[in-house]
Amino acid sequence: MTTSDFTPSAGQTAKDLGMRIVLINGKKLAKLMLRYNIGSRDEQILHLKKIDEEFFEA
């Protein structure tokens, strides 16, 4: 894991090892943290509304 990016040779080495190795760079780390609420919290929530057409049927 790194907060920057991996070199192409690091990616190739991980691929060549044959084991399951996941390289997590800064962008991927941030996305995972936000997805699973690790080290973050909701500041604002936006509610999107949709018209309920069945409500207006006779």
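The following paragraphs go through this predicted model from its overall dimensions to individual residues.

The protein has 58 residues, and its radius of gyration is 21 Å, whereas a compact globule of that length would have a value near 10 Å. The extents of the C-alpha trace give a second view of the overall dimensions: along the principal axes they are about 65 × 25 × 15 Å. Burial can be read alongside these figures. Of the 58 residues, 7% count as buried, a class that requires a relative accessible area under 20%. The accessible surface of the protein totals about 6100 Å², and carbon and sulfur atoms account for 55% of it.

Charge is described by two sets of side chains. There are 9 positive and 8 negative ones, and 12 Å separates the centre of one set from the centre of the other.

The secondary structure consists of 2 helices and 0 strands. Helix 2 covers residues 26-35, and its N-terminal end is capped by Asn25. The contact behind this cap runs from a side-chain oxygen of Asn25 to the backbone nitrogen of Lys27, at a distance of 3.4 Å. At the other end, Asn37 comes just after helix 2 and has a positive phi of about 50 degrees. Asn37 is not a glycine, and its phi is nonetheless positive.

The segment after helix 2 also contains Tyr36. Is Tyr36 buried or exposed? Tyr36 counts as exposed because its relative accessibility is 53%, and the exposed class begins over 50%. Distances along the chain and through space can be compared for this residue. Tyr36 and Asp16 are 20 residues apart in the chain, and their C-alpha atoms are separated by 30 Å.

Further along, Lys50 is found in the segment after helix 2 as well. With a relative accessible area of 78%, Lys50 is exposed. Its partner for a distance along the chain is Leu34: the two are 16 residues apart, with 26 Å between their C-alpha atoms.

The last feature concerns aromatic rings. What is the count of aromatic pairs, when ring centres must lie within 6.5 Å to qualify? The count is 1 aromatic pair. This pair is made by Phe55 and Phe56, with 5.0 Å from centre to centre and 85 degrees between the planes. The arrangement is edge-to-face because an angle over 60 degrees between the planes is assigned to that class. Both members of the pair can also be placed by accessibility. Phe55 has a relative accessibility of 63% and therefore counts as exposed. Phe56 is likewise exposed, with a relative accessible area of 63%.

Methods:
Residues are numbered from 1 along each chain as its sequence is written. This is a predicted model: local features need pLDDT of at least 70, side-chain atom pairs count only at pLDDT 80 or more; totals for chains, interfaces and linings use all residues. Side-chain values use heavy atoms; hydrogens and water are left out. Rings of Phe, Tyr and Trp (its six-membered ring) pair if their centres lie within 6.5 Å; planes under 30 degrees apart count as stacked, over 60 as edge-to-face and the rest as tilted. Buried means under 20% relative accessible area, exposed over 50%, partly exposed in between (1.4 Å probe, protein chains only). A polar contact is a pair of N or O atoms within 3.5 Å; within protein, one must be able to donate a hydrogen and the other to accept it, and residues adjacent in sequence count only if both atoms are side-chain atoms. Helices (H or I, at least four residues) and strands (E, at least two) are DSSP runs, numbered from the N terminus. The radius of gyration is taken over C-alpha atoms; the globule rule is 2.2 Å times the number of residues to the power 0.38. Accessible areas come from the Shrake-Rupley method with a 1.4 Å probe; for residues, only the protein chains shown count as cover. Lys and Arg count as positive and Asp and Glu as negative; His and the chain ends are not counted. The place of a charge is taken as NZ of Lys, CZ of Arg, CG of Asp or CD of Glu.
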